[in-house]
Amino acid sequence: MKIMVAVKRVVDYAVKIRVKPDKSGVETQNVKMSMNPFCEIALEEALKIKESGLAKEVVAVSMGPSNCVDTLRTGLAMGADRAIHVEASRDLVPLTVAKLLKKLVEIENPGLLILGKQAIDDDCNQTGQMIAGLLGWPQGTFASKVVFDKEKQVATVDREVDGGLETLCLDLPAVITTDLRLNQPRYATLPNIMKAKSKPIKKFTLEELNVEIKSDIEVVQVTEPPKRKAGVILSSVDELIDKLKNEAHVI
Amino acid sequence: MEKLRATSSLRRSLKSILNRQLSSVSETRYLNEKRSCQPTFNLIRDHRNLGEANPIRYRCFSSVSTVVQRNPSFSTLNPDDISYFKQLLGEKSVIQDEDRLETVNTDWMHKYKGSSKLLLQPRTTEEVAQILKYCNSRRLAVVPQGGNTGLVGGSVPVFDEVIVNLGSMNNIISFDKVSGILVCEAGCILENLISFLDNQGFIMPLDLGAKGSCQIGGNVSTNAGGLRLVRYGSLHGNVLGLEAVLANGDLLDMLGTLRKDNTGYDLKHLFIGSEGSLGIVTKVSILTPPKLSSENIAFLACRDYSSCQKLLMEAKRKLGEILSAFEFLDIQAMDLVLNHLDGVRNPLPATMHNFYVLIETTGSDESYDREKLEAFLLSSMEGGLVSDGVIAQDINQASSFWRIREGVPEALMKAGAVYKYDLSLPVEKMYDLVDDMRTRLGDLARVIGYGHLGDGNLHLNVSAAQYDDKILEQIEPYVYEWTSKHRGSISAEHGLGLMKANKIYYSKSPETVKTMGSIKKLLDPNGILNPYKVLPHSLNS
């Protein structure tokens, strides 16, 4: 079985982000970029499945400008066998990514598609669900545990939902999106980093895949959240009641 | 605590000292035989001259820590003093509350505890000047205190000295974006300065594990080293100016912001590293390097110490200008960290290696630095210098590598009692000392070696379940003598404080120390600033 993992290059999780002065977006120049943490977890899961003998190959996919290749190299250094880079110069919205993934799935024929549950730059949490819908595949999102049954070709997924944990049984091929507690991603060791240099990265263009990237969504403005106001120290209960009544209007 | 335990061995050595004296050994012969004995010898002679009935204050030959007596020339606090301070600083800045005094009287390692009855928190330089002027006139001893993170007992009182804590003087005065020169008050916490500079696109030239609590005044006063010294150099190079208050309340305004200023003697260097014994630093002007965008960090495993050394030589050559940190820890240190700290895992797979090296590079071009680092690591691996390693792929992974290295002192504290030694040694010899100590101590205690290999600085730590004189006997003075033999420093970056106040002769000649004593006498004639520390006690008499 082949596993396809979609990874995204985002602003590093630990960076203090700033909004661009023209409010069109977040400052990404000269800022450290890395693989989306949830995508790392997705890749780690794929590698674990391959190491347990249930899969033959792990293919990492990323879409965007040429520096996506860095992220793919990280994926290859972690242990992926091959990588695919879809060249796109503009930011892609989840629906477009899902359509592109559909084309790639038709070319590669994986038995499992694993993604991170959301990207930390747009927090959309849509791609996994959309691609499952487009392919007509079952989906197990927010996975915190994945167990495979090879004979029955079934994946049992524990999902972290608001009410607790939900366990689903999915027929393969399926889409799984990963949540934080699924695993702890491995580090890229030196021998693997060296091996990664010789692993192939195939490039596709948007025209080759024949997908239109016209987006129906336009980002109008990006602003910082309002700064927290300093608290006020009150001197008596009467003052508290007065403020709750007249300022906060909660009583 | 240690002072009390020393008493019995003190008596023993006292007898031997007096016996030797009676057999009329000449002073010169003593000097040639054991340089380290000089202080006590002089002291004995002085005591006899003064006809003092009191026994010797402390030993010198035995391997136990010093026993100090309170200097009788210092006054004790009276209610008039308290009311003067309250009037000068306001009620809130004069603290006599037991609980708060308990904290400021104890050092970070809980090894030293003073009995000060008064904590003062001035908010301006003028207030500091007034405090010192008053204390000098009243002969009240003073301990300048910052973040109280020192490791040699230099930041807490020995007896009832008044604690002057600069934590309330934490304003950033100015920052010049073009030159990167930061001017701030001494009580600014290092981590806060780092955050402030981060927003401006700059970094502090020093970084240490204690950054969340230590203050820049303390860093400057102790000439703190830290993790980036190999790249940015010491504070002597980065501090462009400072403002200090002398013992008599005189203000020395040397707060220049000039890169070059060759007008007269550069007095600020006296205050950098004098551990608060020559004056209280109240403002600092420091040159900050620009924050470079590309940081890469690798965590490597080496089979033996000589590989670590060769790796350092190769790193300096092949990584050259982008190398910003080179640290090492041995397997015992790694074990300790993995066992005692939460949320820490070994970046390298299962098999434990003997030595771990952490290499950090900082540069302006991500892909160029990456290639350089990978090429260097590849050739090191092929050359057998490195047996395994990982490169951090994002900032979180990088922080986890640093957590391991910066967490060693914390893990040591959690493991029980720890004897800490901070030595500068020639790089080839560094680990020999650790092996020697292991043989000497056997099953008595665990010996851990780690440190700033890039600067030739070894942090030798001996960890045991409890403090025990038997262990201490095996360590001191062997460690100091070993270091002295190799012309190393018995205190690379931690300073002398109280712990090593009488050990300076292992690393500095008697004439040098005598000159230091003269300078101290000149700037602080009554000896009220941080007494009993830094210089040998004999110099005071």
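**Note on the predicted two-chain model**

1. In this predicted model, chain B and chain A bury about 2100 Å² between them, and 55% of that area lies on carbon and sulfur atoms. On the side of chain B, the residues that lose the most area to chain A are Arg345(B), Gln393(B) and Ile395(B), which together account for 30% of what that side buries. Counted by residues in contact, the interface brings 26 residues of chain B against 22 residues of chain A.

2. Turning to the polar side of the interface, three salt bridges are found across it, and one that can be named is between the side chains of Glu374(B) and Lys197(A), with 2.4 Å from N to O. Nine residue pairs are in polar contact across the interface of chain B and chain A, both residues being at pLDDT 80 or more. The elements of chain B that each supply at least two residues to the side touching chain A are helix H8 (190–200), strand E10 (294–302), helix H15 (366–382), strand E13 (388–391) and helix H16 (395–406). By class, that side of chain B has 11 nonpolar, eight polar and seven charged residues.

3. The two chains also meet through strand pairing, since strand E11 of chain A (residues 188–189) is joined to E13(B) by two bridges, the strands running antiparallel. Within this pairing, Ala188(A) has Ile391(B) of E13(B) as its bridge partner. As a general matter, strands of a sheet pair through backbone hydrogen bonds, in either the parallel or the antiparallel sense.

4. The sheet to which this pairing belongs is an open one of eight strands with antiparallel pairing, in the order E11(A)-E13(B)-E10(B)-E12(B)-E11(B)-E15(B)-E16(B)-E14(B). E11 of chain A and strand E14 (417–424) of chain B stand at the edges with a single partner strand each, so one side of each is left without a neighbour in the sheet. Helix H20(B) packs on this sheet, where it touches E14 and strand E16 (457–464) of chain B, and its direction makes about 10° with that of E14(B). Elsewhere in the sheet, strand E11 (residues 323–330) and strand E12 (residues 355–363) of chain B pair in the antiparallel sense over seven bridges, and Phe326(B) has Ile359(B) as its bridge partner in E12(B).

5. Chain B has an open sheet of five strands in the order E5-E6-E9-E7-E8, again with antiparallel pairing. Its edges are strand E5 (172–176) and strand E8 (251–254) of chain B, each with a single partner strand, so one side of each is left without a neighbour in the sheet. From one strand to the next the twist averages 10°. Strand E6 (residues 181–185) and strand E9 (residues 280–287) of chain B pair in the antiparallel sense over five bridges, with Leu182(B) standing opposite Ile286(B) in E9(B). H8(B) lies across E5 and E6 of chain B and runs at about 30° to E5(B); H8 of chain B is also among the elements that supply at least two residues to the side touching chain A.

6. In chain A, strand E7 (residues 139–149) has pairings of both senses. With strand E10 (residues 174–178) of chain A, E7(A) runs parallel and is joined by three bridges, Ala143(A) having Thr178(A) as its bridge partner in E10(A). With strand E8 (residues 154–161) of chain A, E7(A) runs antiparallel and is joined by six bridges, and here Val146(A) stands opposite Val157(A) in E8(A). The hairpin of E7(A) and E8(A) has four residues between the strands, and in this hairpin Gln153(A) takes a positive phi near 55°.

7. Some details of the backbone deserve a check by eye, given that most residues other than glycine have a negative phi and most peptide bonds are trans. A cis peptide bond, with omega about 0°, joins Leu172(A) and Pro173(A), and Pro173(A) is found in the loop between strand E9 (164–171) and E10 of chain A. The peptide bond from Glu476(B) to Pro477(B) is likewise cis, with omega near -5°, and Pro477(B) lies in the loop between helix H19 (469–475) and helix H20 (478–485) of chain B. Arg139(B), a residue other than glycine, has a positive phi near 55°, and its place is in the loop between helix H7 (125–138) and strand E3 (142–145) of chain B.

Notes:
Residues numbered from 1 in each chain as written. Chains lettered and ligands numbered in written order. Predicted model: local features only at pLDDT ≥ 70, side-chain atom pairs only at ≥ 80, totals over all residues. Heavy atoms only, no water. Contact = heavy atoms within 4.5 Å. Buried area = accessible area lost by both parts, 1.4 Å probe. Salt bridge = Lys/Arg side-chain N within 4 Å of Asp/Glu carboxyl O. Polar contact = N/O pair within 3.5 Å; in protein donor to acceptor, adjacent residues only side chain to side chain. Nonpolar A, V, L, I, M, F, W, Y, C, P; charged D, E, K, R; others polar. Pairing = 2+ DSSP bridges. Axes fitted to C-alpha atoms, helices over the stretch in contact; angles between N-to-C directions.
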